[in-house]
Amino acid sequence: MKLLLPSFLCAAVVAFAASETIVPRESASGEEWIAGGQLQDFSFAGYHRGEKPIPNMPQTSNAKDFGAVGDGVADDTKSIQAAINATRSGAVFLPPGRYLISDYLKINKSGVVLRGAGPEKSVLWFPRGLSEIHPKNSNTSTGEAASGYSFNGGFITLEGNYHSQRIAGIVGTAGRGDYEVNVDDAEGISVGQSVLVVVHEARDRSLASYLYSGDPGDISGGKRLDTSMVMKVIDVSGTRVRFDRALRFETRADWKPEIRSFDPTVTDSGVEGLRFEFPNIPYAGHFKEAGANAIELRDVHHCWVRNVRIHNGDLGINVVANGNTISGITFTADPGRGIADAEVRECTGHHAIQCKDAQDNLVTNFDVQASYFHDLAVEHASGNVFTNGRGTDLNLDHHKDTPHDNLFSNIDCGRGKRVWSSGGGQRIGRHCAGWGTFWNIRASRPIEPPPKNWGPTTMNFIGLAPVSVEPPDLHAAQLKSRNSK
């Protein structure tokens with residue numbers, strides 16, 4: 001069966017509540033797509049909001065000129081870091097070779113790219129995990145002991161600072177889908193400026209309840225988490241500020257809404273054309289990770305990771321940032337690395353790609369050939385897009401703590417046995433929050449909706465196998481429409 005939606009801007013949205021029979025119905029906002037409706041505009045995700053391609057930065061330095069050997073025996077960590085430090089802008093090139101890395105490599109400035117000759121030619125080899133190099137412990141949300149690298153950390157880190165400070169308070173309530181807010185003082189706000197619109201959780205946890213569309217489940221054990229999104233100012237008239245995109249949430253007075261500055265220190269940097277290889281030793285198990293963690297993006301903007309292969313990783317890519325693109329990533333593992341688990345066949349790691357405390361990132365053209373507890377994960381995250389990817393037996397992990405307004409589109413889940421398998425601590429809400437959208441999700445078997453109470457009825461399920469849908473990729477269709485205006 002094929003469901004044709006010839007125009008996503010003017011078509012009936014097929015939405016299914018998790019507890020209902022799969023029956024097409026009109027969206028809560030009627031036939032036409034409108035800002036603030038059940039189906040949001042996801043086209044602003046990724047590098048420069050999809051408005052220009054990721055650049056091919058000119059090569060300006062070569063790691064071998066700084067002493068890197070690339071024979072898999074000599075430790076090349078300090079040489080590569082020296083090349084990064086000495087490069088003001090451009091690509092640091094790693095020629096074909098096998099580079100032994102024994103500690104962190106950090107990019108903490110704009111316009112610097114770490115580039116290999118391709119994943120089959122330039123290999124980063126990590127004989128030891130981060131837990132051995134920099135031992136640290138952590139705990140799960142329920143107090144269970146965990147490795148300090150179960151949830152974050154990466155051998156290569158792109159790290160910046162948003163330097164976010166309060167500019168103005170928002171007065172009055174703007175609604176989800178509104179483009180304007182009124183502020184108490186607009187003096188520090190200018191046209192063309194990117195800002196953060198922030199709402200703060202109240203004592204009664206009303207913000208979390210709202211983000212779950214009034215159906216949060218048990219949230220008594222959750223933290224008081226704020227919610228925000230990056231907006232571009234297109235007009236300032238008196239105390240009225242207008243943005244070029246719609247709000248994903250309301251600005252109720254109880255949530256102390258405000259506009260904050262957004263001045264990232266690291267933009268237009270990236271990692272590309274590399275293979276990350278970790279030892280072929282059995283995966284240590286859930287929360288016991290050795291820290292075979294490849295890449296982390298933290299508080300950076302308009303950055304990227306592309307054309308990368310991660311082999312035997314515990315945590316592949318961790319995104320704690322806004323507005324970046326992850327593209328062309330393949331995950332593999334050696335036979336024998338996986339361990340038996342009740343849910344995951346031959347589990348080889350914890351997370352493939354995690355977006356946590358992250359907004360408006362684009363993850364595209366991925367291939368998860370290894371098996372993770374959480375393949376594609378969102379936790380306290382919004383506006384993120386996962387599209388045009390596949391996995392051997394992929395799960396779309398929603399890790400609770402209000403992951404709302406995220407899109408999973410045009411994805412092949414392989415065997416399809418664990419599509420909705422999700423983690424997350426106790427008493428921190430349902431797995432998915434409001435307006436999570438699943439568009440053209442396929443598998444080798446029919447895909448049923450997620451279990452009852454997995455999320456609120458404002459989730460959207462459009463074209464679950466064996467139903468297909470046109471256009472196949474919602475993000476691409478929305479971006480094409482916006483860029484053609």
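Trainee: Which residue in S17 is the bridge partner of Val195?

Mentor: Welcome, and keep in mind that this model is predicted. Strand S14 covers residues 194-199 and strand S17 covers residues 258-261. These two strands run antiparallel and are joined by four bridges. Within S17, the residue that bridges to Val195 is Ser261.

Trainee: Which closed arrangement do S14 and S17 belong to, and in what order do its strands run?

Mentor: Both strands are part of a closed barrel with antiparallel pairing. From one strand to the next, the twist averages 45 degrees. The barrel has six strands, and their order is S12-S13-S16-S15-S14-S17.

Trainee: Let's move to S19. Why is strand S19 described as largely enclosed by the rest of the structure?

Mentor: Strand S19 spans residues 293-301, and a residue counts as buried when its relative accessible area is under 20%. The strand has nine residues to check against that cut-off. S19 is largely enclosed because the number of its residues that are buried is seven.

Trainee: Which residue of S19 is the bridge partner of Ile156?

Mentor: Look at strand S11, residues 156-159, which pairs with S19 in the parallel sense. Four bridges connect S11 and S19. The partner of Ile156 in S19 is Ile295.

Trainee: And in S21, which residue is the bridge partner of Glu296?

Mentor: Strand S21 runs over residues 315-322 and pairs with S19 in the parallel sense. Six bridges hold this pairing. In S21, the partner of Glu296 is Asn318.

Trainee: Now for the rings. Is the aromatic pair of Trp420 and Phe438 stacked or edge-to-face?

Mentor: A search of the whole structure finds 18 aromatic pairs. In the pair of Trp420 and Phe438, the centres are 5.2 Å apart and the planes meet at 85 degrees. Planes over 60 degrees apart count as edge-to-face, so that is the label for this pair: edge-to-face.

Trainee: Where in the chain do Trp420 and Phe438 sit, and how many residues apart are they?

Mentor: Trp420 is in the loop between strand S29 (407-412) and strand S30 (437-442), while Phe438 is in strand S30 itself. The pair links distant parts of the chain, with a separation of 18 residues.

Trainee: Is Phe438 buried or exposed?

Mentor: The cut-off for buried is under 20% relative accessible area. Phe438 has 0% relative accessibility, so this residue counts as buried.

Trainee: Which residue forms a stacked aromatic pair with Phe438?

Mentor: This second pair has its ring centres 5.0 Å apart and an angle of 10 degrees between the planes. The partner lies in strand S31 (residues 460-464), 23 residues from Phe438. That partner is Phe461.

Trainee: Which residues do ring pairs link into a cluster with Trp420, Phe438 and Phe461?

Mentor: We have already met Trp420, which counts as buried at 11% relative accessibility. Phe461 also counts as buried, at 0%. The other members of the cluster are Phe386, Phe408 and Trp454.

Trainee: Over the ring of which residue does the charged end of Arg482 sit?

Mentor: Elsewhere, Arg176 lies over the face of Trp435, at 3.8 Å from the ring centre. For Arg482, the charged end is 3.8 Å from the centre of a ring that belongs to Phe44.

Trainee: Last one: which strand gives the most residues to the lining of the largest pocket?

Mentor: The largest pocket holds about 830 Å³ of space. Of its 37 lining residues, the closest to the centre are Thr140, Ser141, Glu379, His399 and Gly425. Strands S9, S23 and S26 each supply at least two residues of the lining. The one that gives the most, with four residues, is S23.

Key
Residues are numbered from 1 along each chain as its sequence is written. This is a predicted model: local features need pLDDT of at least 70, side-chain atom pairs count only at pLDDT 80 or more; totals for chains, interfaces and linings use all residues. Side-chain values use heavy atoms; hydrogens and water are left out. Buried means under 20% relative accessible area, exposed over 50%, partly exposed in between (1.4 Å probe, protein chains only). Two strands pair if DSSP finds at least two bridges between them. Rings of Phe, Tyr and Trp (its six-membered ring) pair if their centres lie within 6.5 Å; planes under 30 degrees apart count as stacked, over 60 as edge-to-face and the rest as tilted. A charge sits over a ring if NZ of Lys or CZ of Arg is within 6 Å of the ring centre and within 35 degrees of the ring normal. Axes are lines fitted to C-alpha atoms, for helices over the stretch in contact, and angles run from 0 to 180 degrees between N-to-C directions. On a 1 Å grid over the protein atoms alone, a cavity is a set of points where a 1.4 Å probe fits but cannot get out, and a pocket is an open set with protein on both sides within 12 Å along at least five of seven lines; lining residues have an atom within 4 Å of a point. Grid points are joined across faces, edges and corners, and a volume is the space filled by probe spheres set on the points.
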